[in-house]
Amino acid sequence: MAMEIRLGSLDHPEGNHLLREHLLSLARFSPTESRHALDPGSLRLPQITFWSAWKDAQLMGYGAI
């Protein structure tokens with residue numbers, strides 16, 4: 001099956017876990033000026049569009065504009 005791009009999915013448990021781990025990793029290993037990620041609250045702002053990429057039932061990644 002091909003990868004499926006979905007609009008949203010911030011409320012999915014896998015999405016929350018991956019985003020939380022990503023933010024923790026940035027905080028631990030990246031200098032402040034190199035952290036280019038939004039927290040979940042910011043990703044829900046109306047001017048932000050969030051997508052997630054899935055293969056079958058597995059979350060492969062995400063992005064936002």
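Contacts between residues at least 6 apart in sequence were examined in the predicted model. Of these, 54% join residues at least 24 apart. The protein has 2 helices and 3 strands. From the N terminus, the order of elements is β-α-α-β-β. Along the principal axes, the C-alpha atoms fill a box of roughly 40 × 25 × 20 Å.

The chain comprises 65 residues, and 20% of them are buried. The exposed surface of the protein amounts to about 4700 Å². Carbon and sulfur atoms supply 58% of that area. The protein carries 6 positive and 7 negative charges. The mean positions of the two sets lie 3 Å apart.

A nonpolar patch occurs on the surface. Its members are M3, I5, L7, W51, M60 and I65. Together they account for about 670 Å² of accessible area. One of them, W51, belongs to strand β2. W51 has a relative accessible area of 32%. This residue is therefore partly exposed, as its value falls between the 20% limit for buried and the 50% limit for exposed residues.

Strand β2 covers residues 50–55, and β3 covers 58–64. D56 sits in the loop between these two strands. The relative accessibility of D56 is 49%. D56 thus counts as partly exposed, because exposed residues must be over 50%. The backbone of D56 also stands out by its phi, which is near 60°. This is a positive value in a residue other than glycine. Most residues other than glycine have a negative phi.

Technical notes:
Residues numbered from 1 in each chain as written. Predicted model: local features only at pLDDT ≥ 70, side-chain atom pairs only at ≥ 80, totals over all residues. Heavy atoms only, no water. Helix = DSSP H or I, 4+ residues; strand = E, 2+ residues; numbered from the N terminus. Buried < 20%, exposed > 50% of the residue type's maximum accessible area, 1.4 Å probe, protein only. Patch = residues over 30% accessible without salt bridge, like charges linked within 9 Å, V, L, I, M, F, W, Y side chains within 5 Å. Areas by Shrake-Rupley, 256 points an atom, 1.4 Å probe, with all protein chains shown as cover. Salt bridge = Lys/Arg side-chain N within 4 Å of Asp/Glu carboxyl O. Contact = heavy atoms within 4.5 Å. Lys, Arg positive; Asp, Glu negative; His and termini not counted. Charge placed at Lys NZ, Arg CZ, Asp CG, Glu CD.
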